[in-house]
Structures are given as C-alpha cells and as structure tokens.
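Subject: Structure handover

Hi,

Here is the structure you asked about. Please open it alongside this message; my notes follow below.

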Amino acid sequence: MPTLTKLYTMEEASQHNTKDDCWVVIDGKVYDVTPYLDEHPGGDDVVLAATDDFEDAGHSKSAKELMQNFCIGELDTSAPIIPELEIASKKETANYSRNLMDLTKQYWAVPVAIVGISVVAGLIYLRKK
C-alpha cells in the first residue's frame, strides 16, 4: 500500500543529530523536533542523547498528540540498516568487556597488597605485646 508521507532512511535521519537540526525516529515515524528542543521539559540534552526511551519516559497523552505536529515522514523499512552502526556497537561492547577484564586483572594486586600488609602489621603488633 503506497504511503502519502515522505520516506526517510535511517542514515538520513541519523545525520540530523544536533541542537540546530534534530530528527528523531519513534515507532517508524520521523519527527523534526528542532523547534521544540528549547521547550522540552527535560531539556534538549535528553532528546539529543536518547530517543530509544520515548515510551519508557512516561510521556503524557498530550505529549504524544503534540508530537504529531513535528512528523515529517516515515522510516523507509526497505532500506538497509546502516551497517557501520551495527559493527560499531558490537565492537564497542566487545571493547568494553575486554577493558573491564583488563582493569580487573591489572588492579587485583592493590587490594591484596593492602590486606597482606595489614595482616603482617597486625601480627607484628600482636607479637610485641
């Protein structure tokens, strides 16, 4: 069934990610929320940082109705998803896990040394008494 609204790819929408030009994609619809950023109750940083959590943020019915004023089109689901974003997110998760393991391996000696020194100092103190 043909649509009457303009279709945008995720790549096109992702290029509009600044305070002066901000688009968000929610439930397959593309919204240009640039004029609303200064009026948003949570501030523009909230909108620019995370649009995945729209439903979880507890928006009111009036907020959802207001959102319709900013709808500029729909997401083109036939277009491929940006592969660079998928690869980057997988690498980022792997790097985060690896970095966490490296830090754990690297810094285990500090608490063990503190405990060891405390035990030795305690034994020396008790022997002198």
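Start with the hairpin made by strand 3 and strand 4, in what is a predicted model. Two residues lie between the strands. Asp27 sits in that turn and has a positive phi of about 50°. Strand 3 covers residues 21-26 and strand 4 covers residues 29-32. They run antiparallel, joined by four bridges. To find the register, look at Ile26, which faces Lys29 of strand 4. Further along, Val24 stands opposite Tyr31.

Strand 4 also pairs with strand 5, residues 71-75. That pairing is antiparallel too, with three bridges. Here Tyr31 is opposite Cys71. So Tyr31 is a handy landmark: Val24 of the hairpin is across from it, and so is Cys71 in strand 5.

Now the whole sheet. Five strands make an open sheet, ordered 1-5-4-3-2, with mixed pairing. Strand 1 (7-8) and strand 2 (17-18) are the edge strands. Each has a single partner, so one side of each has no neighbour in the sheet.

Which residues make up the largest nonpolar core? There are nine: Cys22, Val24, Ile26, Tyr31, Val33, Tyr36, Leu37, Met67 and Phe70. Strand 3 gives the largest share, three residues. Two residues from the register notes above turn up again here: Val24 and Tyr31 belong to this core, and they stand opposite each other in the hairpin. As background, nonpolar side chains in soluble globular proteins tend to be buried together.

Overall, the protein has five helices and five strands. From the N terminus the order is β-α-β-β-β-α-α-β-α-α. Of the 129 residues, 16% are buried. The accessible surface is about 10200 Å², and carbon and sulfur atoms account for 60% of that. Take the contacts between residues at least 6 apart in sequence: 62% of them join residues at least 24 apart.

One last item is the stretch at residues 107-126. The unreviewed UniProt entry lists it as "transmembrane region". In the model, this span is 95% helix and 0% strand. Its end C-alpha atoms lie 30 Å apart.

Best wishes

Key. Residues are numbered from 1 along each chain as its sequence is written. This is a predicted model: local features need pLDDT of at least 70, side-chain atom pairs count only at pLDDT 80 or more; totals for chains, interfaces and linings use all residues. Side-chain values use heavy atoms; hydrogens and water are left out. UniProt positions are given in the numbering used here, feature names are shortened, and annotations may be inferred rather than shown by experiment. Two strands pair if DSSP finds at least two bridges between them. A nonpolar core is a set of buried Ala, Val, Leu, Ile, Met, Phe, Trp, Tyr and Cys residues joined through side-chain atoms within 4.5 Å. Buried means under 20% relative accessible area, exposed over 50%, partly exposed in between (1.4 Å probe, protein chains only). Contact means heavy atoms within 4.5 Å. Accessible areas come from the Shrake-Rupley method with a 1.4 Å probe; for residues, only the protein chains shown count as cover.
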